[in-house]
Each structure stands twice: as C-alpha cells, then as structure tokens.
Amino acid sequence: MSSSLRRSSSLRHSSVRAGGRGLLVVAALLAAACTAPQGGSQTGHDGLGTGDGACEETSIVVGSLEEATALGFTAGEVLAQAEGTFESPIVWAPPGDMVNAGPEQGEGEITIDVAHGGGAIRFVESRFVESRPRGSNDEDETEGGPAIAGDLCKSRIEIDVELTIATSGGALAETVPAILSSSDPRHVALEAELDPDALSGSLVFTPQREGWALADLTIRGGMAAGASWGSIGARLEYSDGEVTGAGFRSFASWPTAETCARGGLPLPLDTALLAFSAADVLAENAEVAATFTWDPGTTTRIALSLEAADDVACVSLGGEFDEAGVRIPARLHLVTEDGRVDLETDVDVYALADAEGRLVDASFQSVHLRGVAPDDFEATYGITGFDVSGYDEASSAVRGTFTGGSSTGALKVLGLTVPECVSDPASNPGGGCEGIDITELGGGTWAP
C-alpha cells in the first residue's frame, strides 16, 4: 500500500454566524495553511473551533474492495450499502429572501444511482492533534474541547464513485463524480459537487436581492439499509462593493423536509440499524391503559393510543456526546373514562438504546406549547373542567415514558401570558420580546 497525507473533505467548512439572516462574517474567517513536508507527503489540519488543535489526516490507498482496514470492515461493505439505484420523495424548499431555485416546487420524486467503476479507495486515518500541551495554560483550557474535537476526527473509508441524480420535474439530470465515506459499516455518507453553470437539467437560480450570488452547489446525503436521504444546497456569497458576506441555502431535501433537521439519520419506520426499529416501539405501545389521578386526588382510567406522525424516524447510532436511539415523531391520543379528556397531540418519542443497541425505554413529550384563545381551548384540546379565562392563550403539555407496553406520565393544563412585542426602535432599540409566562392550572398523572 502507498500512503500520503491529505486534507479532510468532510470538515473543511468552518464559519462564524452573525445576525438573524444567517450571514457569515467573512472578514472574521482565516484560511488555514497546509504545509508539504519533504518526501511528497501532505499534512492537512482542519480547525474545529476548540482553540486547542485540529484534525490531522493520513490517507492510505486501499488496493481492493476486499482489503482489510483498521476500522474492521472493508470498502466492499461500504459500497454494498450505497451501490445501485434509490428512489425517494423529494421536497423542494419554499421561496427565500436570498436566492431561489426553480422550476420544480413542492413535492416530487428523486432517483439516485451510484456506480463504482474502479474509482480510488482510501482509508483516511483522522486524529486530533493539540496545538499546545495540555495543562500549559490551565486558565485558558476549554473544558471538553479536545474531547469534542476527537469525536469529530473520525477515521473512515472513502470511495470515488459516479453519481447519477435525476428529479421527476427535470430540474436535475446529472452524472458527476462523488465520494462515499463511512466510519461505521451500518451507514454511508455521500457528497458531490455540481457546477451550477453546466447543469444538464432545467434547474435555475434567481437572486432575490441585489448582491447575492451562487458560489457552489453541493449534494450531501447518505444510505443505509436500502434507504437514501440527502439535500441539495448551495453556498451563497454577498457583496455590495463595501460589505462582503456569505450564507447557505438548502433548495431541496429527501425523503422529507424537516423531520430530522435536529439530527439523526432519516430512515423508514421499519428499518432497524439498532436492535429495534421505530415500528417496534410504536407497535409495543400502540394501545396502553393506566390509572389517572387528578391533582385533587380523584382517579379514573386513561387509555393511550400512539401512532406515527411521519413516514420516517431519526436514528442516532451514538457517539461520545450523543446517545444511541431513535426519535419518532408521533401522534398521542389520551382518553379518560370520566369524559374530561379526549386529547390528540403531537409528541416526540425518544427510544434509547444500550451499548448493544437494545431498547432501554422510551420517553415522550409534547412538541408544541403555544396555545389557542381561551374560548377555543375545550374544543381544540378536548379537556374540560379548567378555568382558562384571564390568559392570552391556553394550552396543554404531556410527558411520560413507555416501558414494555405500560406507561407513566403527566398531563398539564397551561395558561399563557404572551407579552406585547414593541417594534418601535425609539422605545425598544434591540427589538424582540420578553418570554411567554406559563402558569400551570392543574392536571394529573398516570401510572400502571
């Protein structure tokens, strides 16, 4: 095997955000230098913002798909996850205020084909290198900095492939080089760059404000267990002759738009990268009964019904700063025998896994706390017996756990006082509002 040192492609973008519109302060960004030692090797360092060091990466050419690597799996296993054709719904983003894309809008279909025609295979060893010895200046140490950076400096297998991507409305009909990468054989990342001036499809970009322009166009996504996900996005640049800046715009994503925007792999409900799937969690807790105790102490029975609110769940395989598990957007229906509660509400179900990937427990909580006018509370939430007058809005919140087909939890009725937002710059130069004041008006708890 031959070896060389190269820059990382996955951690090369760093930025500092400023302002409410996602502008990046370009003047504050400094380009990191790459040095080329004697002997033909190249060292690359990617700053991670910890102030304590960077990732140093060594790229080793892998001779075949079957050759063993230090990760314990082969490039062939990586390619098996990604090679072939994938079809998925795609959602095009609504118009924005910087640069818009067309002609496709709303929902459509995307077809992706990945082929390996003998492209290069690399094992990239990534390790965190401190810029100064630990303890050399304890007062300036960033707690957890190197540990966080170490979690990001992940060794991986990379494979050069050919990507064909086409959308149902004809916006994209491209065949371009792409890179597959994986540090875990259960899933594969995909990245490709498109030339916006040389597209075969009909995709066009229209600046909405003078000074904004498209700098590059990138496809980022991944594959696992026969499913694909990703986004089509661009780095935008701004200049008016005096001020320069940059931003990022996502033009489309698949299979859904926002479900896993907070993190996790967006996978079909029945896909089990862990020892269980989202569908398993939903099935085990689809119908649960418990004893409900109102705050004054009176009791009744409560029935809980749980179902998926989306076609995908967000799967995390875990890491030093991330627990393994599944976040499931769900719809929870609560009904009490005394007739006071008939509530349907959106919840996030968090199903946590142990070190072996087995289900430990599942907790849930309400997604939205903003309410409705007091006069509409009973009709909207299906909860009676509470005086919600005197508040700007009224709402409810639920949280609890599911364990082996049983449940414990709590229901709260909330009165919301919403502050008046003053937009007059003379009296409120900073803008914004005070936080919403939340008053618990009562509720109850349930247990098996």
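Trainee: Before we start, what does it take for a charge to sit over a ring?
Mentor: A charge sits over a ring if NZ of Lys or CZ of Arg is within 6 Å of the ring centre and within 35 degrees of the ring normal. Keep in mind that we're looking at a predicted model.

Trainee: OK, so which residue lies over the face of Trp294?
Mentor: That's Arg340, at 3.8 Å from the ring centre. Trp294 also belongs to an aromatic cluster, along with Phe292, Phe364, Phe386, Phe402 and Trp446.

Trainee: How many aromatic pairs does the structure hold?
Mentor: There are 8 of them. Take Trp212 and Tyr238: their ring centres are 5.3 Å apart, with 50° between the planes, and the pair counts as tilted.

Trainee: And where do those two sit in the chain?
Mentor: Trp212 is in strand E14 (residues 212-224) and Tyr238 is in strand E15 (residues 227-239). They're 26 residues apart, and the pair links distant parts of the chain.

Trainee: Is Trp212 buried or exposed?
Mentor: Buried. Its relative accessible area is 10%, and the cut-off for buried is under 20%.

Trainee: Switching topic: where is Asn285 found?
Mentor: Look in the loop between helix H3 (278-284) and strand E18 (287-294).

Trainee: Why does Asn285 count as buried?
Mentor: Because its relative accessible area is just 2%, and buried means under 20%.

Trainee: What does Asn285 touch, leaving out residues up to four places away in sequence?
Mentor: Leu306, Phe402, Thr403, Gly405 and Ser406. You've met Phe402 already, as a member of the aromatic cluster.

Trainee: Now Gly169. Which loop is that in?
Mentor: Gly169 lies between strand E10 (156-167) and strand E11 (173-184). This glycine is partly exposed, with 45% relative accessibility.

Trainee: What is Gly169 in contact with, beyond its neighbours within four places in sequence?
Mentor: Glu104 and Ser202. As for Ile110, its C-alpha is 9.1 Å from that of Gly169, while the two are 59 residues apart in sequence.

Trainee: Last topic, pockets. What volume does the second largest pocket have?
Mentor: About 260 Å³. Its lining is made up of 14 residues, and Ser316, Asp322, Glu323, Arg327 and Tyr350 lie nearest the centre.

Trainee: Which elements give two or more residues to that lining?
Mentor: Three strands do: E20 (312-316), E21 (325-336) and E22 (342-353).

Trainee: How do the lining residues divide?
Mentor: For the second largest pocket it's 6 nonpolar, 4 polar and 4 charged.

Notes. Residues numbered from 1 in each chain as written. Predicted model: local features only at pLDDT ≥ 70, side-chain atom pairs only at ≥ 80, totals over all residues. Heavy atoms only, no water. Helix = DSSP H or I, 4+ residues; strand = E, 2+ residues; numbered from the N terminus. Buried < 20%, exposed > 50% of the residue type's maximum accessible area, 1.4 Å probe, protein only. Contact = heavy atoms within 4.5 Å. Phe/Tyr/Trp six-rings, centres within 6.5 Å; stacked < 30°, edge-to-face > 60°. 1 Å grid on protein atoms, 1.4 Å probe; cavity = no way out; pocket = protein on both sides within 12 Å on 5 of 7 lines; lining within 4 Å. Points joined across faces, edges and corners; volume = space filled by probe spheres on them. Nonpolar A, V, L, I, M, F, W, Y, C, P; charged D, E, K, R; others polar.
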